[in-house]
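Here's a quick tour of a two-chain model, starting with an odd helix and ending at the interface. Have a look at the structure first.

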Amino acid sequence: METLEGEKPETGRKTWRQAISGAVLIAFSVAILVTSWNYSTGSLQQMGPGYMPHVIAYALILMGLGIIVADLRDTSPHYAEPMHWRALIFVSAAVLVFVALIEPAGLVPAMFCAVAASKLANKRSSLLSIVIYSAAVTLAGYLLFIVALGLPLTVFGR
Amino acid sequence: MIDQFLLGLSVVLQPEVLMYAFFGVFLGQVIGVLPGVGAITAISLLLPVTFYLDPTSSVILLAGIYYGSQYGGAIASILLNLPGTPSSVVTCLEGYPLARSGRAGFALLITALSSFVGSMIGVVVVVLAAIPMAAFALKFGAPEYTMLVALGLVAASLISSGSQLRAFSMALVGIALGMVGSDASTGQYRFVATDALADGISLVSLAMGLFGLSEIIRNAANSEARKSKIQLSFKDIFPSKAELRSLVAPVGRGATIGSFFGALPGTGAAIASFMSYAFERRVSRTPEKFGKGHLPGLCAPEASNNAAAQTSFIPTLTLGVPGDAVMALIIGALILNGIIPGPRLIVDEPELFWGVIASFFVGNIILLIINIPLIGIWVRLLSIPYYRLYPAIVLLICVGVYSHRSSVTDVVLTLVFGLIGYIMKRYRFEPAPVLLGFVLGPMLEENFRRTMLLYGGDFSVFVSRPISAVLVGCGALLLGFTLLSAFISHRRALKAKHQQGGSYSV
């Protein structure tokens with residue numbers, strides 16, 4: 001990603017880039033259509049489970065076409081922020097770590113690891129601060145979820 | 001009406017319910033002040049918790065967060081020139097200059113007072129409108145509901161800030177997501193890819209992903225600490241009698257505008273505050289003073305957005321049709337608690353209905369009381385950097401979603417929606433219509449199907465029944481108006497381009 005001053009104008013030269021919003025919408029509608037193809041549509045009077053999905057999918061295809069046309073005609077530059085890759089990766093990792101640990105290991109390890117992983121999303125985190133912060137948040141989480149709210153979750157292991 | 005309101009008060013003043021009301025507005029105030037956490041995120045975070053409360057307390061808690069955040073949002077606007085909530089954008093315009101001229105304490109006090117008066121007027125409107133609206137709504141059949149829901153979706157898309165095409169397509173995506181699970185009429189499973197989806201996509205996952213996680217991804221790298229450069233002084237913070245008298249009319253106008261726009265589908269507190277600011281500027285005899293700390297420009301929008309925050313509950317509570325994403329979450333909380341929102345709510349659950357309305361009254365008094373004396377706390381909260389905050393929010397999201405249905409799939413789905421929400425925003429798609437479509441979609445489908453069944457697939461029923469015809473007319477007017485204004489602005493842009501081109505060629 002060649003970024004200058006953190007901002008990058010989407011230039012008009014990359015046509016495919018401009019058409020992508022609408023194209024993704026159309027792809028999504030086609031996916032709806034394909035999945036719901038075998039649901040019976042019934043008649044207008046007696047709609048089956050497939051009727052509305054089809055209507056919505058066709059409407060979305062129209063919308064997608066409209067958006068492609070509008071985006072291609074739109075010459076004003078839109079400034080997109082650079083992707084926040086670091087945050088994206090570590091926040092995702094935090095959620096996945098939580099998912100991986102909550103059932104086998106229990107709430108406390110899952111909380112600690114998830115907080116530690118999400119802390120890495122910001123550059124400003126030394127190892128020590130991560131440990132201290134995660135421990136503090138885990139303790140607060142324990143007090144909130146288990147002691148105060150009494151959620152039926154396993155604290156440690158199974 | 002008075003009797004019912006007193007019944008509501010008796011519900012709210014039970015110590016436990018009062019505690020939730022207090023907790024709700026306090027949290028709302030905190031959320032309004034904190035950077036990067038909006039009312040939608042906070043309400044979706046607390047949705048799973050409400051599963052453990054009774055329905056009345058749940059709605060009182062969630063509603064408190066919403067209107068409490070309107071008070072808190074103004075504090076960040078005045079002290080940092082950064083709007084804490086979308087509806088306090090215009091508060092910056094007058095509040096920050098006033099604070100810079102050394103009257104920050106005064107600005108905060110006068111904002112809190114205007115908010116309070118605006119809210120109270122909004123509450124009165126809610127109390128007055130509730131019974132007639134619910135009685136009127138009982139006349140609604142399937143065709144009326146179909147049109148009402150459709151109008152709500154169209155209005156929310158047309159009035160959105162960005163591209164209307166994009167907003168409407170997001171509403172459609174929301175409807176599509178709402179179809180996952182078993183079909184209400186036939187029971188057939190639709191789009192059920194894994195067993196965990198058999199009950200449909202969880203509203204909690206969708207809201208926390210689209211609004212919670214995506215915001216965190218966008219802001220987590222930000223390591224700036226927000227520090228107010230304003231010296232907060234409490235010297236002469238009390239307005240003089242003349243100043244108070246001069247503010248009666250603007251606050252009254254603001255509250256009126258707010259009450260109106262709050263109750264309409266598609267418009268909410270943010271639009272109400274903009275409208276009110278623009279209106280004040282137009283009627284003012286001294287429009288040149290605006291933007292330099294002019295009091296009517298500060299007070300009217302604040303009264304307006306708070307009144308709107310209250311009256312937006314009218315369609316939600318009396319019709320069961322939410323007007324915006326926040327209200328969609330409130331409806332979601334009712335449904336999660338096994339209560340069917342709609343015009344029968346006022347008859348079947350009078351304690352819930354009036355308890356919630358009375359809680360607005362009590363909650364606003366609490367807000368006024370905690371607002372100014374605790375200003376030291378709010379200022380300290382204001383300067384919490386986001387990087388200290390977001391890991392805890394990630395945790396709240398994970399535990400909240402998981403505890404809701406003990407489902408790991410829900411947590412993974414939340415992440416998926418978070419990533420989708422992040423990418424969507426990059427391509428200028430707003431997530432709010434998705435949530436609205438998600439909640440309104442099943443209502444739309446059910447009522448549309450029932451209409452077609454009852455009236456033999458005849459579309460003329462929508463215009464032959466008077467109420468439904470009025471709704472169709474409103475939708476057509478709105479559509480026509482939007483197309484016209486788009487056409488005019490397009491013409492203007494073309495003209496400007498031509499003139500520019502001409503001057504270049506010379």
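Helix α5 of chain B runs over residues 89–137, yet its end C-alpha atoms sit only 35 Å apart. A straight helix of 49 residues would reach 72 Å at 1.5 Å a residue (the expected span is 1.5 Å times one less than the number of residues; helices here are DSSP runs of H or I, at least four residues, numbered from the N terminus). Where's the bend? α5(B) turns by about 135° at Arg103(B), taking the angle between axes fitted to the seven residues ending there and the seven starting there.

Keep in mind that this is a predicted model, with local features needing pLDDT of at least 70 and side-chain atom pairs pLDDT 80 or more, while totals for chains, interfaces and linings use all residues. Residues count from 1 along each chain as written, chains are lettered from A in the order written, and side-chain values use heavy atoms, without hydrogens or water.

Arg103(B) also has a salt-bridge partner, Glu243(B). That pair links helix α5 of chain B to helix α9 (residues 241–263) of chain B, 140 residues apart. A salt bridge here is a side-chain nitrogen of Lys or Arg within 4 Å of a carboxyl oxygen of Asp or Glu, and the structure holds 14 over all chains. Two of them:

| Salt bridge | Closest N and O atoms |
|---|---|
| Arg103(B) with Glu243(B) | 3.7 Å |
| Arg166(B) with Asp71(A) | 3.0 Å |

Across the interface of chain A and chain B, the rule finds 1 salt bridge.

As for the interface itself, 62 residues of chain A are in contact with 62 residues of chain B (heavy atoms within 4.5 Å). The buried area is about 5400 Å², with carbon and sulfur atoms giving 74%; that's accessible area (1.4 Å probe) lost on putting the two parts together, summed over both. In chain A, Gln45(A), Pro49(A) and Met52(A) lose the most area to chain B.

Note on methods
Helix = DSSP H or I, 4+ residues; strand = E, 2+ residues; numbered from the N terminus.
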